[in-house]
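Hi,

Here's the structure I said I'd pass along. Have a look first, and my notes on what turned up follow underneath.

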Amino acid sequence: MMARSVKWLLPVPALLLVTGLAGCGTKAAPPGAGTAENINLSLTTVPTTRSIKVSPGNAQIGDCHGGLAGNDTKSTTKKLGFPDGKCFYGKPGANGIFPITITNTGIASDIYVSGSTAIPEDNGTGWRLCNVGEDPAHACTGRLHLVPGTDQYLVRNFSPVDKPDYGGLTDTPSCDHVFRVSHGCLATQGTFQTEGIELIGPSSSTDTSTKWTVTITWMPVPQ
Amino acid sequence: MHLRLWAVGLVSLLMLAVPAAARASVGVGIQAGPVRLTGAAHPGGTYALPPVYVVNTGTQDESLSIRIERLSAGQGRAVPVAWIRPGAVVRLAHNQSARIPLELVVPGAAKPGQYLTDVIVKGSAALSGGGANLDVAAATKLEFRVAPGVVSGSWFAAPFWLWPGIGIVLLIAAAAAVARKFGLRVQIDRVPADAAVLPAGRGDDGA
């Protein structure tokens, strides 16, 4: 009785097998077809990679000034002071030093640059990037909105073709003004620029760490 | 004499080492052609995008990772980051390359239309430039279209219950075949009610 009740299921495996095999057929060559002959052609193409290379020089962050001697927080040569301490990696100007070399090693691309929040050694409260000038992405809240406020800092990159009214890096990648020679920030393959960095510290810092990590990232992007 | 030879050798090695250190660099590359989904995606569907080509163009080992962020100008809706699941981080030596898989997960409530974002490969081996970390990344476009309607069905995109269901049916069929072959039978005999009365003297009461 029980066997009879499931008897109708017996053809199911066979049906599934047939269905699966149906798609595995191969098409035979038509009768009378000629023999195929092949030739091999060797072809070389230009690279189609978008890439970049950054080389730092041997310079150190230095030439620090600013800060308040009365508070014993004045900058020293290699240490940033408070408030409004300023340090350089390189030296701006006509006889400047530009220790970072950025080279577009891939196809023609726009070169973008961005900064990061400064991270203290104890991973406490960082300093966020701020900007000055018209329509800043993140306005500096210090004196007259011209300098960083509490837990803010300002980073500008400069080059032999510097723009003096530059508002500073943001944490969102944007056109590197150093590459803005003709239009946009286009760099063809092999194009390189040398740059330096200016860093202005906060009016005051919540975190008391004395070692901070700042990261600056360059990136080629599609035009 | 020997001392002089050692000194010359040491100076030569130093002369070779200094330019090598000065040339240290970080670099990454990514395919220039955009990552494109073949055909249209549908709300609720999951799709394997073509793996993206990445290369370490720097002088030292790098761990390369992928992130999604809209940088390119152009037509197309922005793509929420959660829609794209990149593959694992890859560690590459100088001039080594790899392909990192990407998966597109379109939510059921996705609006139809053309979508555009960028795939960004980022290196981990930032070089220290006078105290600041100098880092690199590279971007390429990611494009796809979401068409209205449900996910188009295929053998491999079948509902989750289909394959277990087929398995159960096959098991039942196999069990039925075995039962038939070995003659397993269940027989129920009906006994008349009056015949169920026990004969005298066969009781268990011991009376």
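Before the notes, one term: pLDDT is the predictor's confidence in each residue, on a scale from 0 to 100. You'll want that because this is a predicted model. As a whole, the model comes with an ipTM of 0.78 and a pTM of 0.74.

Chain B has an average pLDDT of 81, and 73% of its residues score at least 70. Residues 10–22 of chain B fall below 50, and apart from near neighbours in sequence that stretch makes one contact in the model. The story for residues 200–207 of chain B is that pLDDT is again below 50, with one contact beyond near neighbours in sequence. Where pLDDT is low, the predicted coordinates should not be read in detail.

Now the interface. On the chain A side, 42 residues are in contact with 43 residues of chain B. At least two residues each come from α1 (2–5), α2 (11–22), β1 (49–55) and β13 (215–221) of chain A. Sorted by class, that side of chain A has 28 nonpolar, 11 polar and three charged residues.

There's also strand pairing across the chains: β13(A) runs parallel to β10 (residues 132–146) of chain B, with four bridges. In that pairing, A:Thr215 sits opposite B:Asn133.

Within chain A, β3 (residues 86–89) pairs antiparallel with β2 (residues 62–65) through two bridges, and A:Gly62 is opposite A:Phe88 there. β3(A) also pairs antiparallel with β11 (residues 192–200) of chain A, this time over four bridges; A:Lys86 has A:Ile200 as its bridge partner.

Cheers

Note on methods
Residues numbered from 1 in each chain as written. Chains lettered and ligands numbered in written order. Predicted model: local features only at pLDDT ≥ 70, side-chain atom pairs only at ≥ 80, totals over all residues. Contact = placed C-beta atoms within 7 Å. Nonpolar A, V, L, I, M, F, W, Y, C, P; charged D, E, K, R; others polar. Pairing = 2+ DSSP bridges.
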